Amino acid sequence: MAFSLEKFIHSLDLRTLPRVLQIQSGIYCQGSIYEMFGNECSLSTGEVIKVIGFKINKLRASICENNEGRKFSAKVELPLNFPGLYKVVADKTPYVSIEEIARKVSIGPIRFGHPCFYSAEDIKLANFTIKHGEQITFKSVEEVNGAMAVNCFVVRNNQSHSFTLPLSQEGEFYECEDDQIYTLKEIAEWKIPKCRNRIVKLSNTLHMWDSSSPLPKNFDGCLILMPVYEMQAVMKFRKDIVHILSDLDVEVKDITDCYDIGSFLQPLSLEDIFERTNKEFPMVAEIMEGPSGSQKPYNLLSTGKEIVIYKKYQAARVLASEMRSDSSKRHFLIPMSYKGKFKRRPREFSTAYDLEIASEKEQLHVVATKAFVSPHKEHFSVSVGDQFLVQQCQTSEVLYEGRKKLIDVLACEQILSDSYKKVFLPMYMEGGFVEVIHDKKQYHLSEICKEFHLPFNVKVSVRDLSIEEDVLAAAPGLQFEEEITDSYLLISSASSPAESWEIPVYRLNMLVHLLRKDVQTVVPPVTRTTVEEVSKEEYYMLRRYENLALHPPPRPPKKPT
């Protein structure tokens, strides 16, 4: 039976990919040529293609400027890189089974792919009962005792309880409210269920409005997003990937069951390569679709080039941002192999609590930039220009409504003209302090991470001479925000393996197919240092999802009323 492309995509179960399709009819039937993203290919009647995946190419959005109502007016097209951060509005239409959720909702290994639902009724399992209204987090889909099931967990009293739900489980399941914010690209990849639209609310524009924006000025309403899909396919006699939009007027027939699928090339993403076992490395691959970007090594990874992939691993990076007041600040991921040196720059602190955290690894000398009047005579009132040496947190007894009460304070030494005076600053105080730098030493990145508490302000004093253009050296100042761990592959050119490069697995869109070739040398050549510049959207993603793995510090104590 023949289907339109759009109907085929909506009926497709991703777990059954790849699929082999035969072109039946359409406006491209008589061997006509259609240029798809620069790739010319013929979609003639009878043509056979292997579908390896599909993704959302762009979004059609209906605008609702009234948050209360659901009356959507103007329609616009939004590219996936359209700037802004959005909140997802929970879908009020229930799912009738776990199978429907698994078929329509993206469930994957990273946090984007962990959707949350609740059941309208209690669900009784063998040794566990899920209460109605209780948030269930879906983690993965796999075979359990011969039947497909979803791995889930619930959190009770800060304890996680894991269990599985069979796809055959029926009920009434609703999406939970989601308090995270996402880019449009993240929403398109993970948060739009198949056969359903998605309503989102703009949370942050990330850029100044201009007349070219498809959204109204000062827009603060909702958008209903309708996806236009792009099908990724391999053709019989081509070594690259072709992209076919779902709104093309083409009819196709699924002939997977009666066709030798092994006669096609097998494209693999970097995530697919990373999931291979360590003993399968090193390997030789040919690039079927290279990444965009002008900086090394991305400009070397062109379609048709052969590369050696030596190994996979986790590597540490420091996430850094330029110290600029305008919105054009850039963000970087700096490897520990960076050979440049840094000098310290003064940090600014807004609370006594921030001072206490920063002084864990060194003694701080700060100057007050904002006055604070203490409500208790036992504590010090700060004036602009006061200087302090920060010591440690302790408790202090104060008289409060005729009763003695213990509160947390920060012990400091006030620097006077010829002496020091011990004072106590209440931990709840909100003020302003700037660091006084006495340290003139030049530090390597690894030394800073070991000896100081992040965030930490620096400026490059000696650039890394092994990098052709050290982008960090041009920055007026850098703030090292946090140390993160990310997934990388180590690669080199197969034809001239003079140097190797680390490429990020989850931020580089690239497809390869493996070649049956022996690796000439299993020892990788010298690894070149690469400072990766990340976009604003990638920066927010790294900060949000890296921090989820950490326990947030306690809030500063509130001022007594």
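Q: Before we look at rings, what makes two of them a pair here?
A: Rings of Phe, Tyr and Trp (its six-membered ring) pair if their centres lie within 6.5 Å. Bear in mind that this is a predicted model.

Q: Good to know. How many aromatic pairs turn up in the whole structure?
A: The search gives 15 aromatic pairs. One of them joins Tyr259 and Phe264, with 6.0 Å centre to centre and 40° between the planes.

Q: And why does the Tyr259 and Phe264 pair count as tilted?
A: Planes under 30 degrees apart count as stacked and over 60 as edge-to-face, with the rest being tilted. The Tyr259 and Phe264 planes are at 40°, so that pair falls in the tilted class.

Q: Is Phe264 buried or exposed? And what about Tyr259?
A: Phe264 is buried, at 7% relative accessibility. Tyr259 is partly exposed, with a relative accessible area of 29%.

Q: Which residues do ring pairs link into a cluster?
A: That would be Tyr95, Phe117 and Phe138.

Q: Let's bring in charges. Which ring does Lys311 lie over?
A: Lys311 lies over the face of Tyr313, at 5.2 Å from the ring centre. There is also Arg317, whose charged end sits over the ring of Tyr488, 4.2 Å from its centre.

Q: On to salt bridges. How many are there?
A: The count is 24 salt bridges. Among them is the one between Glu280 and Arg276, at 3.2 Å from N to O.

Q: How accessible are Glu280 and Arg276?
A: Glu280 has a relative accessible area of 34%, which makes it partly exposed. Arg276 is partly exposed too, at 26% relative accessibility.

Q: What about Arg344, which side chain does it meet in a salt bridge?
A: Arg344 meets Glu362, with 3.0 Å from N to O. Arg344 belongs to strand 24 (residues 341–344), while Glu362 is in the loop between helix 5 (352–358) and strand 26 (365–370), so the salt bridge ties together parts 18 residues apart in sequence.

Q: Are those two buried or exposed?
A: Arg344 is buried, with a relative accessible area of 11%. Glu362 is buried as well, at 17%.

Q: Arg347 comes soon after. What does it bond with in a salt bridge?
A: Arg347 forms a salt bridge with Glu435, and their closest N and O atoms are 2.9 Å apart. Glu435 is in strand 30 (residues 430–435) and Arg347 is in the loop between strand 24 and strand 25 (348–351), so far as position goes, and the pair links distant parts of the chain, 88 residues apart. Both Glu435 and Arg347 are buried.

Q: Which residues end up in one network through shared partners?
A: Salt bridges that share partners join Arg344, Arg347, Glu362, Glu435 and Asp439.

Q: Strand 30 has me curious about the sheets. What is the strand order in the open sheet that includes it?
A: The order is 25-30-26-27-28-29, an open sheet of six strands with antiparallel pairing. Strand 25 and strand 29 (420–426) are at the edges, each with a single partner strand, so one side of each has no neighbour in the sheet. From one strand to the next, the twist averages 40°.

Q: How many bridges pair strand 26 with strand 27?
A: Three bridges, in the antiparallel sense, with strand 27 covering residues 387–400. As for a specific position, Val367 has Gln387 in strand 27 as its bridge partner.

Q: Changing topic: where is Thr137?
A: Thr137 is in strand 12 (residues 136–144). Its relative accessible area is 8%, so Thr137 counts as buried.

Q: What is Thr137 in contact with, leaving aside its neighbours within four places in sequence?
A: Thr137 contacts His114, Pro115, Cys116, Asn151, Cys152 and Phe153.

Q: Does strand 12 sit in a sheet, and what is the strand order there?
A: Strand 12 is part of an open sheet of six strands, ordered 8-15-9-12-13-14 with antiparallel pairing. At the edges stand strand 8 (95–97) and strand 14 (159–166), each with a single partner strand, so one side of each is left without a neighbour in the sheet. The twist there averages 45° from one strand to the next.

Q: Last one: how many bridges are there between strand 12 and strand 13?
A: Seven bridges, antiparallel, with strand 13 spanning residues 147–156. Ser140 has Asn151 in strand 13 as its bridge partner.

Technical notes
Residues numbered from 1 in each chain as written. Predicted model: local features only at pLDDT ≥ 70, side-chain atom pairs only at ≥ 80, totals over all residues. Heavy atoms only, no water. Buried < 20%, exposed > 50% of the residue type's maximum accessible area, 1.4 Å probe, protein only. Lys NZ or Arg CZ within 6 Å of the ring centre and 35° of its normal. Salt bridge = Lys/Arg side-chain N within 4 Å of Asp/Glu carboxyl O. Helix = DSSP H or I, 4+ residues; strand = E, 2+ residues; numbered from the N terminus. Contact = heavy atoms within 4.5 Å. Pairing = 2+ DSSP bridges. Axes fitted to C-alpha atoms, helices over the stretch in contact; angles between N-to-C directions.
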